[in-house]
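Please look over the chain shown below before reading on. The notes that follow are grouped by topic.

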Amino acid sequence: MRTAEAADFNEADVIRDIAYVSMKDGTRLAYISHRPKKSGRYPTVFLYDPYAANSTPFEVAKEFIDAGYAFVGANLPGTGCSEGVIDVWHEQQMIKGGPYGAELIEWIASQPWSDGNIGMVGNSSAGMPQFWVAAERPPHLRAIVASGFGDGYEFQFYPGGMLPLAEGEWQIRNQFGRNAGVEWRTERGDTECTKIRGSHRQVVKNSLFDAVRKHPLKDQWWNSQTLVSKDLMGRVTVPSMIIGAWQEQYGGAAMANVRVFTHFMQHVENKKLVLMNGDHGSFGPGPRGYGIVDKERMKFLDRWVKGVKNGVENEPPVTVYWEIQQPEGSPKKAVEGWVTCHNTWPDPKVERRTYYLTGDAKISPEKPGASPNEGSRAYLYPAGAELAPGTNQQFQLRPHPSGVLNYRTAPDTSDMVLLGNPEVALYLSIDNGDDADVQLTLKDVGPDGTVLFLQSGLLRASLRAIDEDRTYVDEVVHSFRKSEKLVPGEVYQLRMSLISPIAHVVRQGHSLELTIGATNPIPHITLGSMPAGAQSINRIYHSEKYPSTILLPIVPGAVAQAPAPACDALRGQPSRKDDEFVPGGLPIQ
């Protein structure tokens, strides 16, 4: 006889319910549940999102059912087939969705097939609600496993102070577009959904895109919306696993993940941070998620939801996977180059070493002094942008050389292991207009000319003011509260971190390359925004008075523990071949 612990359930072995749960105020939330036909009481995995959780197919639930869980997916209020009156799509629903989610947890616990132990899972928009729900402290919630959440002003909607056009498109499509989960339910006989959609029972009062555009600075409205805050996180007490990828396309989600773990969850006794190379789809649950993540998530759930004594609580709280690759292109077969474990983030063993950008296009450990290192380099703004992160095809389009400045280290004589967030300090001037957007791209260049994308950085110069109270060794935090326009001819210091930390080995014979340019208005995930200011000749300075620098987080004495991956083997990290180094810029002094 098949049991709940069997390793390979078929859909015929499972009971599926497609129905609604009434909240205390009468609002009905749409849900779907999957559980083994064999009678019994099961711990439950709960997925809660604004997309299609209420239509989660068996293929997604299967990994949890195979592991001995029941599965419930439900849509947040005002989304999918769920009733609800909300102010704006996505953010406001998190605030209202928290109490409703807590009610759902307790409803699940009351079901005859539930053993009363519930854990939450989910990526991106299914990662964020977990914290709002956990903050309500429902008695039967045992653990959360959240990944890829890039919530709030600088982590999603205004990275570097810029509104990406693709972000606006995403907001509009999700608020007003067709919902595949709705179609899935109605095709399977849910007649209530068509009655709810477009009725007074499902209302979104305002356009999220309009609301976001009305708040271009980080004001009180943003403070009330974000989960990346002490007030909210201070109410989260359940065991929590956070999973992030360095090359997340959406506004530095990995940095949000790190900030939540490091600064706002210090009181959580059992917490885990798992970091890796990868993109927004690396986490699942579902077919695009790494098998490595599936195992980490299940081990955490088994410990804190099932109560399995598997030793999770004795492991170091931070795990870093290096150079994950996908044999045969299969995420489920993903293998890491190696793994490191850390007791804190950032790791205190990391040394921050200062390198200087020079007037002859170098990145050098030597301070600028005599010519040609003194002076400035000029580029035409906003004529150059690099399309990364993105696909290999996009990355092949090199930025226009007059519109960027490129800097490169000498080939390394030994492996240089980077773990953390590089900090860049630029001394910049403009000769026209009143603002400038700076886009950075950090790359690894091999001796054969293979260029591998590592990370981007973004900052609007007028929003350069630093929040000194929140800035720490691994992140320069900007306040984004006041716009301070530039005056042509004056030199300004711009201090900025990259979008998120990285874990990368610049191997012997390889170089680091840093590109400084503008953003590109073509919608391109987080980097496609309309450049601020006007056509200008912008300058970066490299002198004793104005030393532009990059601070690299180096693990001393560490080396690569696996061969270098092929140039197209790393998700979220496009590559290309460059025949020669092009310094870029304008031929003027």
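Which residue in β25 is the bridge partner of Thr354? The partner is Leu551, and the points below set that pair in its surroundings. This is a predicted model, in which local features need pLDDT of at least 70 and side-chain atom pairs count only at pLDDT 80 or more, while totals for chains, interfaces and linings use all residues. Residues are numbered from 1 along each chain as its sequence is written, and side-chain values use heavy atoms, with hydrogens and water left out.

**Strand β25 and its partners**
- Strand β25 (residues 549-554; strands are DSSP runs of E, at least two residues, numbered from the N terminus) has five of its six residues buried, buried meaning under 20% relative accessible area with a 1.4 Å probe and protein chains only.
- Strand β13 (residues 351-357) runs antiparallel to β25 and is joined to it by six bridges, where pairing requires that DSSP finds at least two bridges between two strands.
- Strand β18 (residues 423-429) is also antiparallel to β25, through three bridges, and Glu423 has Leu551 as its bridge partner there.

**The five-stranded sheet**
- An open sheet with antiparallel pairing is formed in the order β16-β23-β19-β20-β26, and its edge strands, β16 (405-408) and β26 (575-577), each pair on one side only.
- Four bridges link β16 to strand β23 (residues 511-517) in the antiparallel sense, with Tyr407 opposite Leu514 of β23.

**Ser229**
- Ser229 is buried, with a relative accessible area of 16%, and the side chain of Ser229 reaches the backbone nitrogen of Leu232 at 3.4 Å.

How values were computed:
Buried means under 20% relative accessible area, exposed over 50%, partly exposed in between (1.4 Å probe, protein chains only). A polar contact is a pair of N or O atoms within 3.5 Å; within protein, one must be able to donate a hydrogen and the other to accept it, and residues adjacent in sequence count only if both atoms are side-chain atoms.
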